[in-house]
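Okay, thanks for squeezing me in, everyone. Let me put the model up, and then I'll talk through one residue, its neighbours and the space around them.

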Amino acid sequence: MTPADMAALHARCFTTPRPWSAAEIAALQADPFCFCLQRDGGFLIGRVVAGEAELLTLAVAPEARRQGLGRALLTGFLAESARRGAEQAFLEVTAENEPALALYAAGGFAQAGRRRGYYRRADGSALDALVLARAVSADDLRLT
């Protein structure tokens with residue numbers, strides 16, 4: 001999947017937060033701290049710095065949802081984060097994204113904070129971001 005393909009998929013998946021451009025995705029792919037996982041119908045971009053992993057985005061095509069692809073990408077994120085020496089993983093998600101919240105809870109993430117009004121919808125209204133976290137361990141390597 002090229003950065004343009006990934007940007008097109010990201011635009012199909014997100015309005016809030018705003019979709020990422022191909023240039024933004026390409027810049028992240030060029031960052032040595034970042035990694036990208038791709039599967040048919042989805043992708044994930046993560047980053048590991050100083051023992052902390054951050055899931056930057058996870059996009060699954062609407063027609064590919066509820067088939068285990070998000071879970072597979074999340075499991076891959078945790079394994080790659082462990083390989084890169086992460087001890088803790090974080091992510092941000094809109095407080096209203098119930099399917100994503102269920103996926104992350106199933107992956108062992110729990111709420112660590114809330115950023116009030118962090119995201120903006122196209123109409124200018126605000127949405128809270130939830131900060132989720134979990135420990136990363138060698139056990140995550142065995143899940144892949």
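So, let's start with Leu103, which sits in helix α4. Keep in mind that what you're looking at is a predicted model.

What does Leu103 touch, if we skip residues up to four places away in sequence? The list is Leu58, Gly70, Arg71 and Leu74. Take Gly70 from that list: Leu103 and Gly70 are 33 residues apart in sequence, yet C-alpha to C-alpha they are 7.4 Å apart in space.

Let's zoom out to the helices. Gly70, Arg71 and Leu74 belong to α3, and on the α4 side they meet Leu103, Tyr104 and Ala106. Sorted by class, the residues of that α3 and α4 contact come out as four nonpolar, one polar and one charged. As for geometry, α3 covers residues 69-83 and α4 covers residues 98-106, and the two pack at an angle of about 45 degrees with their axes 10 Å apart. That angle is why α3 and α4 count as oblique to each other. Their crossing is right-handed.

Now the pocket, which I guess is what you folks want to hear about. The largest pocket has a volume of about 1,000 Å³. Which residues are closest to its centre? Out of 35 lining residues, those are Leu58, Asn97, Ala100, Leu103 and Tyr104. So our Leu103 turns up again there, and Leu58 is also one of the residues Leu103 touches.

Who supplies the walls? The elements giving two or more residues to the lining are α1 (3-13), β3 (52-60), α3, β4 (88-94), α4 and β5 (110-120). The largest share comes from β3, with seven residues. By class, the lining has 21 nonpolar, nine polar and five charged residues.

One more helix pair before I stop, since α1 is on that lining list. α1 packs with α2, residues 22-30, at an angle of about 120 degrees, and their axes are 8 Å apart. This pair is therefore oblique too, α1 to α2, and the crossing of α1 and α2 is right-handed. The contact uses Pro3, Ala4, Met6 and Ala7 from α1, and Ala22, Ile25, Ala26 and Gln29 from α2. That contact divides into seven nonpolar, one polar and no charged residues.

If you take one thing away, make it Leu103: a residue of α4 that touches Gly70, Arg71 and Leu74, among others, and is one of the residues closest to the centre of the largest pocket. Okay, that's me done.

How values were computed:
Residues numbered from 1 in each chain as written. Predicted model: local features only at pLDDT ≥ 70, side-chain atom pairs only at ≥ 80, totals over all residues. Heavy atoms only, no water. Axes fitted to C-alpha atoms, helices over the stretch in contact; angles between N-to-C directions. Helix = DSSP H or I, 4+ residues; strand = E, 2+ residues; numbered from the N terminus. Parallel < 35°, antiparallel > 145°, perpendicular 65-115°, else oblique. Left-handed = near helix turned anticlockwise from the far one by under 90°. Contact = heavy atoms within 4.5 Å. Nonpolar A, V, L, I, M, F, W, Y, C, P; charged D, E, K, R; others polar. 1 Å grid on protein atoms, 1.4 Å probe; cavity = no way out; pocket = protein on both sides within 12 Å on 5 of 7 lines; lining within 4 Å. Points joined across faces, edges and corners; volume = space filled by probe spheres on them.
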